[in-house]
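Q: Could you take a close look at the salt bridges in this model and walk me through how they are arranged?

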Amino acid sequence: MSIIRPDSPPASDKWLNKYTWAWASWDWGQAAINAVMITFVFTVYLTSELFGDKDHASLVLSQALTVGGLAIALLVPVTGMRADAAGRRKLWIVVNTLILVVICAACFFVYPDPKFLWLGAILIALMSVVSEFAGVNYNAVLNQISTKATVGKVSGFGWGMGYVGGILALALVLFGFVEPIVQWPGASTDGSLNLRLIAIFSAAWCLMFALPLFFIIPEAPPAISAKIPLKDSYKVLFATIKNLWSSDRNLLFFLCSSAVFRDGLAAIFTFGGVIATGTFGFSTSEVIIFAIVGNLVAAAGAVLGGRLDDVLGPKMVICGSLIGLLIAGAGVFLSPGASGFWIFGLLLCLFVGPAQAASRSYLARLIPAGREGELFGLYATTGRAVSFLAPALFGLSIAIATPLVAAGGAQRYGILGILVVLALGLLLLLPIRAPRKVKD
C-alpha cells in the first residue's frame, strides 16, 4: 500500500503508523471536551439547582448553544475552504485547539451561583463552536493519512480512540473528583471546587493528547495558488453548492441525508443521560459509569465498523447500523426498568460508532483532492442546519404523551421522536449511490 495523496506524509507499508496514531490522539484528547465538559459532567453541574431553577438553567444553556450552532452554520464551511486554499489546515487545528484549551480552563471560574450561569453557558457554547472549527480541519486530514482503500479503517480507528479516551477521562473524573477513591484537596466540594477543577483537568487532557498531531502530521500544501478574499468566501460557498447540484448531486444528497441521521445519532448521546436519570432513575455516578461502559462498547463498534467499511462499503455499514439503532431504541422504549436500559442502551452505543465513522469515510471517499476542508465544512454545516430536528421531535413526543400517561412517564416517549429522525435518515440514504470500492 502507498499513500496516494500529494499532500500526504511519506508512504508506509501499514495503515496503522505514526501518522494515524498522531491523528487519532487528537480525538482521544478531544473526548474530555465532548464527554466530560459538554455531555456528561459539566453541563449537568451547570443545570443543577446550584444555579437556581433547573428549567431556567436548561433554557439559558439551550439559548447559548443555539447561538453557537448558528455561528457554526455560518462560519465553518468558509473557514474550512479558506484553510484548504491557503494550505494552513494544521495551523488552524493548532490555533483552535489552543483556544479551546483556554476556554475550557476558564470554566474553573464558573462558581456555583446563579450569577455565573450565563458565563458558564457562554463558555460551553464557545467550546462547541471552536471544537467544530478544529474538527473540520481535523476531519480533512483523514485524506492525507489514508487511501481510498483504507479510509474506513483509519476513520473507525479515530472514532475508537476518541471513545477510549472518553472512557479513561470519565473514569478519572468519577474516581478522582466526583467520588474520589482517595481524599485529596482537589476533591473538596466547598464551592464545588471538585467540579470546577474538572475543567482544568479536561483542558490539560485535551492539550496533552493534541501534541502528537501538532508535531508529527505535516502541513498540507495550498490547494490553489490564489487566496480567496474574505468578502468573496460566501460567493464561493454558494457556488460550490450550485456546482454540486449540477455536477455531483449524489454527494449533495448524501450531505443532506447524513445531516438527518447524524442529528439522530447526536440526540442519542445528548438525551441518553437525561433519559437514564429521568425515566430509569440513574444517579449521577451511575450515569458516568454507564457512559464509561457505553464508550467502551462504542469504541469496539467503531473499530469493527471501520473494518467492515473497507470490505462492504460505508453505505452498507451505515444502513445496517441505523437498522440496529432502530431495534435497540425500540428496546429502550419498551424496557420496564434499569436492566433493560443497560442492555438496549449499550446496543445503541454499539451501533452509533460504526454509523459515525462510516459517515465520515463515505464523504472522504467522494471528496476530490484538495477540497477536504471545504466539503467537510459543508458536512458540518448541513448537520447543523437540521440540528433542531431531533430535539424538537423529542420534546413534541413528550408533549403529546404528557396528558395521556401517568405523571413522570412522558419522558420515555421522547425516545420515539429520536427514532423517527433515524428512520427518516435511513429512508433518505437508501436511494443514494454508494461510493465505488477501491482495492488496496
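A: Happy to: here is a tour of the salt bridges, followed by a short look at one helix.

This is a predicted model, in which local features need pLDDT of at least 70 and side-chain atom pairs count only at pLDDT 80 or more, while totals for chains, interfaces and linings use all residues. Residues are numbered from 1 along each chain as its sequence is written, and side-chain values use heavy atoms, with hydrogens and water left out.

A salt bridge here is a side-chain nitrogen of Lys or Arg within 4 Å of a carboxyl oxygen of Asp or Glu. By that rule the count is three salt bridges. As background, side chains of opposite charge can pair when their charged atoms come close.

Let's start with D310 and K153, whose closest N and O atoms are 3.2 Å apart. This pair links distant parts of the chain, with D310 in helix α10 (residues 284–312) and K153 in helix α6, 157 residues apart. Helices are DSSP runs of H or I with at least four residues, numbered from the N terminus. D310 is buried at a relative accessible area of 16%, and K153 also counts as buried, at 18%; buried means under 20% relative accessible area, with a 1.4 Å probe and protein chains only.

D310 also meets R365 in a salt bridge of 2.9 Å, N to O. D310 lies in α10 and R365 in helix α12, so this pair ties together parts that are 55 residues apart in sequence. D309 and R365 form a salt bridge too, at 2.6 Å from N to O. Because D309 lies in α10 and R365 in α12 (residues 338–366), the pair ties together parts 56 residues apart in sequence. D309 is buried, with a relative accessible area of 1%, and R365 counts as buried at 12%. Through shared partners, the salt bridges join K153, D309, D310 and R365 into one network.

Now for the helix: α14 (residues 389–401) has 13 residues. Its buried residues are L389, A390, F394, S397, I398 and A401. Seen down the axis of α14, they fall within an arc of 160 degrees, so they line one face of the helix; the arc is that of the directions from the helix axis to the C-beta atoms. These buried residues pack against α9 (249–278) and α15 (414–429), where contact means heavy atoms within 4.5 Å.

Key:
Helices (H or I, at least four residues) and strands (E, at least two) are DSSP runs, numbered from the N terminus. The expected span of a helix is 1.5 Å times one less than its number of residues. Buried means under 20% relative accessible area, exposed over 50%, partly exposed in between (1.4 Å probe, protein chains only).
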